[in-house]
Structure formats: structure tokens, C-alpha cells
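Got your viewer open? Let's walk through this structure stop by stop, picking something to select each time.

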Amino acid sequence: MPFPPPAKSPLQPLHLSAAKARDIALFCKRDDLYTPAPGTALQGNKVRKLEPVLRAAVAAKPTPLLVSFGGAYSNHVSALATAGRLYSIPVHLFVRGEEVDNALLDQARRDGAIITLLSRSEYRFKNEASWLRLRQAELAEQHRLPPEFIWFIPEGGTTKESARNVGKLYGEVVSDLGQPPDFLCISAGTGGSAAGIIQAADPKTRIEVYPALKGDWMADEIQQLLGPGVSQNWTCITDYHFGGYGKFPWEWVVPSEGIASRADIGEPGLPQLEPIYTAKLFSGVLDRLRAGKYPEGSSVVVVHTGGIY
Ligand SMILES: *Cc1c(COP(=O)(O)O)cnc(C)c1O
């Protein structure tokens with residue numbers, strides 16, 4: 001099956017009283033609706049990031065083996081396993097940590113992905129050329145493929161090419177608004193999605209990046225993914241990690257009909273959120289909005305990168 005291009009995602013006006021009070025035009029870029037297969041884990045920024053490699057894999061003969069890495073609760077791992085099932089591409093996932101009872105990994109196995117658990121110490125080798133060469137030779141033999149048909153995708157799906165593909169959502173926003181927004185806010189895990197948007201952005205738009213992880217290294221990480229001559233009108237807002245990756249206030253969690261947690265940050269009028277990335281982002285933006293960080297009359301776009309809940 002060819003990889004179908006999903007329709008562009010909608011730009012939804014958010015009518016929140018905090019925004020109205022300051023005459024701020026607040027929008028949500030609904031990339032949670034960006035999917036070739038609604039209702040699956042292949043959604044959101046993980047589609048934007050995987051699109052180039054999936055297109056190439058579907059077109060290649062023989063079909064390559066896609067190999068990637070992630071934590072046991074990684075949306076990237078779930079999205080890639082789903083893509084493997086939908087487009088008949090074999091997928092092998094190296095997952096960090098010990099065996100855990102985990103609905104996301106169970107689903108990935110049902111989707112047909114082969115999962116190898118790696119200890120935290122071995123997982124660290126995932127970026128080392130010599131370790132990857134050994135795995136490539138092993139997997140080529142197991143799958144009876146020439147070694148060049150073992151394709152490695154980095155953790156989180158982040159490459160310069162995948163970042164560039166995420167950047168396309170900025171153009172969609174500008175075409176829907178009729179002009180560049182004053183602010184565009186996005187969550188960050190590896191920073192790949194943010195880097196792609198910074199590269200695509202008009203310097204008139206200030207890009208605010210909200211890391212979901214604790215620490216102050218994200219700006220350097222993003223800088224490394226940026227090419228020369230890109231907009232410098234961006235910043236990392238590091239105050240909304242809520243304790244670090246996978247940590248969040250317990251009172252956010254509400255029952256979900258899906259296989260992961262859903263979050264409610266207590267603000268009516270928001271789309272559904274998950275606690276790992278998007279609830280943190282929206283809390284941060286709303287907090288800053290109330291604190292008067294966005295000038296009166298400005299336009300603010302918040303990117304809903306999706307997630308599983
Ligand atoms: C993976 C993910 C992110 C982080 O994307 P990066 O490109 O790694 O920064 C943000 N939001 C959601 C919902 C995700 O699944």
C-alpha cells in the first residue's frame with residue numbers, strides 16, 4: 001500500500017476567556033488530527049517525522065527492515081510499529097529498560113514489530129557506529145536482506161530530513177492565517193520538531209519551545225539540527241517540565257478509553273491532551289498568557305503535536 005499523504009491539519013481558534021481579556025487571537029494547530037489512519041498510534045508529529053522514511057521504504061525493492069529505538073512508553077515506537085502493520089514493512093525495535101507490563105508494547109507486538117529489550121547501559125550504544133554495524137550485519141542475516149536494506153531510524157525519529165518535514169506545518173499555519181503568527185509554541189522531546197519549525201519560520205514569528213524534559217541543554221540540541229541562516233527568533237521556555245520526562249501532577253490524569261493516560265489541566269475549551277508533552281505545553285502557554293507575556297492584540301498559535309491517550 002502506498003503511503004497516503006494526510007490532508008493538512010486544521011487551525012482551530014480557541015475561545016478562552018484569558019485570551020479574550022487580552023485581545024489575543026489564540027489558535028491550536030491540530031496536528032493531533034494529522035494522520036493517514038485515524039484511531040491508531042500513527043498520528044501527530046510522529047507522522048510528520050516518519051513520512052519521508054515510510055515513503056522511501058514503501059517504494060524500495062526489496063522492502064527494507066526499519067530499525068529504531070525508544071523508551072517503553074515512546075510514541076515513536078508505537079507509531080513505527082503501527083506503520084509497519086499498515087504498510088507491510090518489517091519493523092525491529094530496540095526498547096530501553098527491563099520487561100514491563102505495558103499496553104503500548106503489547107500493541108506494538110500485535111502490530112507485528114519485533115522488540116528487543118536493552119539494558120540501560122547497552123542502550124547507550126545506539127548512536128555508536130561500531131555497535132550499529134554489528135546489529136546491521138546480524139539483522140541482515142536474520143531477515144535475509146542485503147545490509148543496505150537494514151535502515152536505522154534514530155530515537156524519536158529525529159533526523160534533519162524528518163525535522164524539515166515537520167516544518168511544513170508552519171507553512172500551513174501561515175496560509176490559513178493569511179500572515180505569519182506573532183508567536184508559535186511547541187513542545188520538545190528530542191527537539192527535532194521544534195528545529196524543523198524554526199527552519200521553516202518567518203523571522204517575524206517568535207518560536208517558543210517548551211521542553212518536556214528537565215534541564216537546559218535543549219537549545220544546544222536544537223542548534224545542532226539547524227542549518228545556517230535560519231531565524232534566530234526562538235527561545236526555550238524551560239520552566240514547564242513539571243519534574244522531568246514522564247512526570248506530571250497527578251491531578252491532571254483523567255480516565256481514558258484508550259491505552260494511555262489522558263490529561264485535563266482544568267481549562268475548558270481545550271482539545272484533549274496527554275500528560276507527557278501537550279498538557280505541559282498548554283499549561284505553560286496559559287500561564288504565560290495570564291502573566292501578560294504576549295502583547296495585547298498579538299496572535300499565538302499552539303501546536304498540538306498529538307500523542308496517545
Ligand atoms: C514525540 C512527541 C513530541 C516531541 O517531539 P520531538 O520532535 O522529539 O521534540 C511532542 N509531542 C508529542 C505528542 C510527541 O509524541
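Here comes a tour in seven stops, from a whole stretch of chain down to single residues. Before you click anything, keep in mind that this is a predicted model.

**Stop 1: the annotated stretch**

Select residues 8-202. UniProt lists this range, in an unreviewed entry, as "domain: Tryptophan synthase beta chain-like PALP". By make-up, the span is 44% helix and 18% strand. Put a distance line between its end C-alpha atoms and you should read 19 Å.

**Stop 2: the open sheet**

Now colour the strands. Six of them form an open sheet, and reading across you get β1-β2-β12-β7-β8-β9, with mixed pairing. As background, strands in a sheet pair through backbone hydrogen bonds, and they can do so parallel or antiparallel.

Which strands stand at the edges? Those are β1 (11-13) and β9 (234-236). Each has a single partner strand, so one of its sides has no neighbour in the sheet. Turn the view and look for the twist, which averages 25° from one strand to the next.

Zoom in on β7 (residues 183-188) and β8 (residues 206-211). These two run parallel and are joined by six bridges. To see one of the pairs, pick L184, whose bridge partner in β8 is I207.

**Stop 3: helices on the sheet**

Keep the sheet visible and add helix α7 (residues 160-177). This helix lies across β1, β2 (25-30), β7 and β12 (299-304). Compared with β2, α7 runs at about 135°.

Next, add helix α10 (residues 278-290), which also packs on the sheet. Its contacts are with β2, β7, β8 and β12, and the directions of α10 and β12 make an angle of about 165°.

**Stop 4: the largest nonpolar core**

Hide the sheet and show side chains for L42, L50, L54, L66, L80, Y87 and L93. They have the most contacts inside the largest nonpolar core, which counts 27 residues. Where do the core residues come from? At least two each are supplied by α2 (45-59), α3 (75-87), β4 (91-96) and α4 (103-110). The largest share, seven residues, belongs to α3.

There is also a second, separate core of 26 residues. To find it, select Y240, W252, F282 and V300, which are among its members.

Back in the largest core, centre on L80. Setting aside neighbours within four places in sequence, L80 is in contact with L50, L66, S68, V91, L93 and I153.

**Stop 5: helix α3**

L80 sits in α3, so select that whole helix next. Is α3 mostly enclosed or mostly open? Twelve of its 13 residues are buried, so the rest of the structure largely encloses it. Among the buried ones are N75, H76, G84, L86 and Y87. Show what surrounds them: the buried residues of α3 pack against α2, β3 (65-70), β4, α4 and β6 (150-153).

Here is a quick check to try with the distance tool. At 1.5 Å a residue, the 13 residues of α3 should span 18 Å. The end C-alpha atoms are 18 Å apart, so the two agree.

**Stop 6: S74 and R48**

Select S74, in the loop between β3 and α3. UniProt's unreviewed entry marks S74 with the annotation "active site". Its relative accessible area is 11%, and because buried means under 20%, S74 counts as buried.

Then jump to R48, in helix α2. R48 is buried too, with a relative accessible area of 1%. Show everything around it: leaving out residues up to four places away in sequence, R48 touches S9, K29, D31, Y34, S162, N165, V166, K168, L169 and E172.

**Stop 7: some backbone details**

Find P62 in the loop between α2 and β3. The peptide bond from K61 to P62 is cis, with omega near -5°.

Next, look at D23, in the loop between α1 (17-21) and β2. Its phi is near 55°, a positive value in a residue other than glycine. D23 counts as exposed, at 53% relative accessibility.

Finish on R144, in the loop between α6 (129-142) and β6. R144 has a positive phi as well, near 50°. With a relative accessible area of 78%, R144 is exposed.

Note on methods
Residues are numbered from 1 along each chain as its sequence is written. This is a predicted model: local features need pLDDT of at least 70, side-chain atom pairs count only at pLDDT 80 or more; totals for chains, interfaces and linings use all residues. Side-chain values use heavy atoms; hydrogens and water are left out. A nonpolar core is a set of buried Ala, Val, Leu, Ile, Met, Phe, Trp, Tyr and Cys residues joined through side-chain atoms within 4.5 Å. Buried means under 20% relative accessible area, exposed over 50%, partly exposed in between (1.4 Å probe, protein chains only). Helices (H or I, at least four residues) and strands (E, at least two) are DSSP runs, numbered from the N terminus. Contact means heavy atoms within 4.5 Å. UniProt positions are given in the numbering used here, feature names are shortened, and annotations may be inferred rather than shown by experiment. Two strands pair if DSSP finds at least two bridges between them. Axes are lines fitted to C-alpha atoms, for helices over the stretch in contact, and angles run from 0 to 180 degrees between N-to-C directions. The expected span of a helix is 1.5 Å times one less than its number of residues.
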